[in-house]
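Q: Let us read this model together, feature by feature. Where should we start?

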Amino acid sequence: MKVVEIYTDGACKGNPGIGGWGALLRYGGHEREIFGGEKLTTNNRMELLAAIRALEALKQPCKVQLHTDSRYVQKGISEWIEAWKIRNWYTAGKKPVKNEDLWKLLDQLAQQHDIEWFWVRGHSGHDDNERADQLANRGIELVAVEDTAASR
């Protein structure tokens, strides 16, 4: 089974606001960078979307080491999601789980792979996390450029 390293990040200018996501995928000596964004979103949605888009990019089941600087993503998928499913997508506080649509998609994708979820401290000089952050910001720029072009 292929071992793939993934570094993901999400970013938002305003929360909600224009958001971007980015991911660096590494297998063997190969690297792939992906990024995108949305016009009106939240930072947490972009963090989730970064992981989702990275896993969607895999063409076959893999052993994945996924690194995120989002405790929300790392703890959500590793610790909280099973209880959310048992409670029919409600939190312990009896409130609907935010971003349920993305959590369901991430859960579905995660089940196709053997994934270890790692949290890394953001903006602390970790080269691969910094690259993912740059990609997320490119996603924001892409949306901002498209938005400017559309308003002309």
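Q: How much area does the protein chain expose, and what share do carbon and sulfur atoms supply?
A: Accessible areas use the Shrake-Rupley method with a 1.4 Å probe. The protein chain exposes about 8,200 Å². Carbon and sulfur atoms supply 49% of that area. This is a predicted model: local features need pLDDT of at least 70, side-chain atom pairs count only at pLDDT 80 or more, and totals for chains, interfaces and linings use all residues. Residues are numbered from 1 along each chain as its sequence is written, and side-chain values use heavy atoms, without hydrogens and water.

Q: What percentage of the residues is buried?
A: Buried means under 20% relative accessible area (1.4 Å probe, protein chains only). Of the 152 residues in the protein chain, 45% are buried.

Q: Which pattern do helices and strands follow along the sequence?
A: Both are DSSP runs: helices are H or I, at least four residues; strands are E, at least two. The protein chain has 4 helices and 5 strands. Their pattern is β-β-β-α-β-α-α-β-α.

Q: What share of contacts with a separation of 6 or more links residues 24 or more positions apart?
A: A contact means heavy atoms within 4.5 Å. In the protein chain, that share is 67%.

Q: Which residues lie nearest the centre of the largest pocket?
A: Lys-2, Val-4, Tyr-27, Ala-57 and Leu-58, among 13 lining residues. A pocket is an open set of points on a 1 Å grid where a 1.4 Å probe fits, with protein on both sides within 12 Å along at least five of seven lines; lining residues have an atom within 4 Å of a point. β2 (17-27) and β3 (30-41) each give two or more residues to this lining.

Conventions
Buried means under 20% relative accessible area, exposed over 50%, partly exposed in between (1.4 Å probe, protein chains only).
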